[in-house]
Amino acid sequence: MPCRFISQLSKLRKLSAESVENTASFNAFKKYLHVLRPVEVDLKNLLNKVNTTNNKTLILLCGSAGDGKSHLISYLRNADNEHLLDSFELYNDATESSAPQLTSIDTLAEKLVPFNDENYTTDDGFKMILAINLGTLNNFIESEKGQAFSALKKYVEANELFSTYVRPNKYQVNSVFQHVSFSDYQYYEKLNLIEKKSDSGDAQYVKRIL
Amino acid sequence: MLNEFYKYIANNTISFFQSRSPVIRPGERYCLRLDTEEMVKGVDLALREKTTIDGIQGQFQYGSVYSTFTIKMSADLEIVVASKINGMTDDFLATLRNAELTAKRFPILMITHSPIDTITSGTGDLAANGMPFHAASIIAKIKDDIRATELSPADRILLEKELERKQGDRFSDKSSLFEYSNLLTVLGRGYVEKSDFAAFDLLYDDSLSSFSEEKIRGRLEKNHAIFEHIDRIFRHGNIADALEKEKAKRSSDPCN
């Protein structure tokens with residue numbers, strides 16, 4: 001029987017169950033490790049605005065592999081007191097496929113049917129949040145199956161999701177598509193404890209370490 | 001011939017999990033990355049056969065879309081084996097990696113030949129340092145197995161020299177299991193066959209076993225040198241010129 005310390009330490013291993021997020025559970029250990037980051041504040045602001053309407057919405061939570069998209073969704077669904085994702089369908093990992101011979105692009109095209117060119121204007125109040133790597137998003141909208149999603153592609157291009165420019169992640173009135181991109185935050189900001197952030201926007205967390 | 005190689009990998013994979021059984025935690029994910037789909041198929045089949053013979057095979061169903069087998073460790077612990085074969089996409093392996101497999105959260109072993117990192121990220125690579133198929137672990141295991149297997153002195157020395165040669169070869173990919181396939185095949189079989197000599201860069205020597213250990217070493221070294229000389233000529237040289245030179249050398253030195 002391993003000692004409790006080793007058992008806790010094992011959770012930090014790359015192969016541990018805790019190193020991959022799913023939306024079904026969010027245990028005390030993950031809650032303990034959770035750090036409030038600016039991107040969470042912006043996503044919550046966006047969710048609050050979306051929830052005040054009953055409009056059909058697809059939120060793209062974009063970024064790179066391993067930056068915490070799935071963790072954030074799981075936290076908001078399972079551990080946050082505001083329950084902002086209660087009315088959302090969660091799509092936690094856009095690199096997954098639903099059957100052995102299908103690709104993630106096939107599966108995305110299936111799951112995003114309510115938001116294709118034919119259906120996205122049908123305002124049935126359906127809401128989905130999609131955690132997606134920018135590379136996967138690009139592959140999808142440029143793929144053959146992505147041709148049925150030209151409105152989504154137009155949104156992605158208009159908002160320059162693939163550019164290196166940092167843009168504010170704000171709610172867009174009357175748009176079915178919304179987004180928050182982890183790429184719009186400087187790396188040091190990811191370490192910033194927001195409640196201690198100074199007026200100047202300096203990264204207090206890093207300053208304290210220095 | 002490769003069947004023995006696949007069996008060897010399967011046996012060591014099962015031994016690895018059995019030895020770790022007390023410390024394996026629910027939901028852990030392991031990955032074995034091989035070179036080709038053929039290798040993945042071979043290892044998958046060898047694992048199926050071995051688990052059937054040992055009576056430790058279970059079944060796993062993922063919804064209605066996928067089924068595979070498990071390696072039973074205990075009443076509450078089974079390792080789900082998911083091999084990238086029969087057209088399975090990397091993306092579906094990612095689905096299995098992310099999922100909670102059964103209420104008991106069975107660990108998963110993914111066997112893949114994919115060069116991309118999508119699958120190996122967030123998994124324990126069985127070829128990583130400290131794992132059973134890391135180059136250092138394979139070499140140590142082969143050394144142990146050469147000692148433990150009941151081999152004739154000639155076969156034992158041949159395998160020892162081959163292992164030394166592999167370790168000294170700057171151009172071989174020591175991280176690839178396939179590099180050790182010939183050695184592992186012979187160890188799995190328990191003896192050296194005539195056809196193995198060429199795989200070890202040797203000319204067949206049917207009288208090897210009649211010499212003392214020291215002489216066997218000497219003969220093998222000389223054999224290697226001759227094989228490499230001939231091999232070099234066949235690959236890069238002019239065979240007719242080389243034979244002429246050899247003839248001239250022998251005429252000037254009849255003892256050679």
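**Entry 1: the sheet of chain B**

I began with strand E2 of chain B, which pairs with strand E3 (residues 66-72) of that chain in the antiparallel sense over six bridges. I kept in mind throughout that this is a predicted model. To fix the register of the E2(B) and E3(B) pair I looked for a bridge, and found that B:Tyr62 has B:Tyr66 in E3(B) as its bridge partner.

I then followed the sheet outward and read the strand order as E2-E3-E4-E5-E1-E6 (chain B), an open sheet of six strands with mixed pairing. Strand E2 (57-62) and strand E6 (124-125) of chain B are at the edges with a single partner strand each, so one side of each has no neighbour in the sheet.

**Entry 2: strand E5 of chain B**

Next I asked which strands E5(B) is joined to by parallel bridges. Strand E1 (residues 29-33) of chain B runs parallel to E5(B) and is joined to it by five bridges, and within this pair I noted B:Leu32 opposite B:Ile111. Strand E4 (residues 78-83) of chain B also runs parallel to E5(B), here with four bridges, and B:Val81 has B:Leu109 as its bridge partner.

I looked up the connection as well: E4(B), helix H3 (residues 90-98) of chain B and E5(B) form a β-α-β unit, and the unit is right-handed.

Are the residues of E5(B) buried or exposed? I found that five of the five residues in this strand, 108-112, are buried. In a regular strand the side chains alternate between the two faces of the sheet. For E5(B) I therefore took the two sides separately, with buried meaning under 20% relative accessible area. B:Ile108, B:Met110 and B:Thr112 lie on one side, B:Leu109 and B:Ile111 lie on the other, and both faces are covered, since all of these residues are buried.

**Entry 3: helix H1 of chain B and the loop after it**

I checked the length of helix H1 (residues 2-20) of chain B, and its 19 residues reach 27 Å from the first C-alpha to the last, close to the expected 27 Å at 1.5 Å a residue. I then listed its buried residues, which include B:Phe5, B:Tyr6, B:Ile9, B:Asn12, B:Thr13, B:Phe16, B:Phe17 and B:Arg20. An α-helix has 3.6 residues a turn, so residues three or four places apart point the same way.

In the loop between H1 and E1 of chain B I stopped at B:Pro26, which is partly exposed at a relative accessible area of 37%. I also looked up its distance to B:Asp76, 50 residues apart from it along the chain, and the two C-alpha atoms are separated by 9.5 Å.

**Entry 4: the second largest pocket**

I turned to the second largest pocket, which holds about 380 Å³ of space. Which residues lie nearest the centre of this pocket? They are B:Ile226, B:His229, B:Ile230, B:Glu246 and B:Arg250, out of a lining of 13 residues. I traced the lining back to its elements, and helix H8 (213-236) and helix H9 (239-252) of chain B each supply at least two residues. By character, the lining divides into seven nonpolar, two polar and four charged residues.

**Entry 5: chain B as a whole**

I recorded nine helices and six strands for chain B. Of its 256 residues, 46% are buried, and along the principal axes its C-alpha atoms fill a box of roughly 80 × 35 × 25 Å.

**Entry 6: chain A and its positive phi values**

For chain A I recorded nine helices and four strands, running α-α-α-β-α-β-α-β-α-α-β-α-α from the N terminus on. Buried residues come to 48% of the 210 in this chain.

I then searched the backbone for unusual angles, since most residues other than glycine have a negative phi. A:His83, which is not a glycine, has a positive phi of about 50 degrees. I placed A:His83 in the loop between helix H4 (69-78) and strand E2 (89-91) of chain A, where it is partly exposed with a relative accessible area of 45%.

Where is A:Glu160, another residue other than glycine, with a positive phi near 50 degrees? I found A:Glu160 in the loop between helix H7 (150-158) and strand E4 (177-181) of chain A, and at 36% relative accessibility A:Glu160 counts as partly exposed.

Definitions and conventions. Residues numbered from 1 in each chain as written. Chains lettered and ligands numbered in written order. Predicted model: local features only at pLDDT ≥ 70, side-chain atom pairs only at ≥ 80, totals over all residues. Heavy atoms only, no water. Buried < 20%, exposed > 50% of the residue type's maximum accessible area, 1.4 Å probe, protein only. Pairing = 2+ DSSP bridges. Right-handed = clockwise from strand over helix to strand, strands pointing away. 1 Å grid on protein atoms, 1.4 Å probe; cavity = no way out; pocket = protein on both sides within 12 Å on 5 of 7 lines; lining within 4 Å. Points joined across faces, edges and corners; volume = space filled by probe spheres on them. Nonpolar A, V, L, I, M, F, W, Y, C, P; charged D, E, K, R; others polar. Expected span 1.5 Å × (residues − 1).
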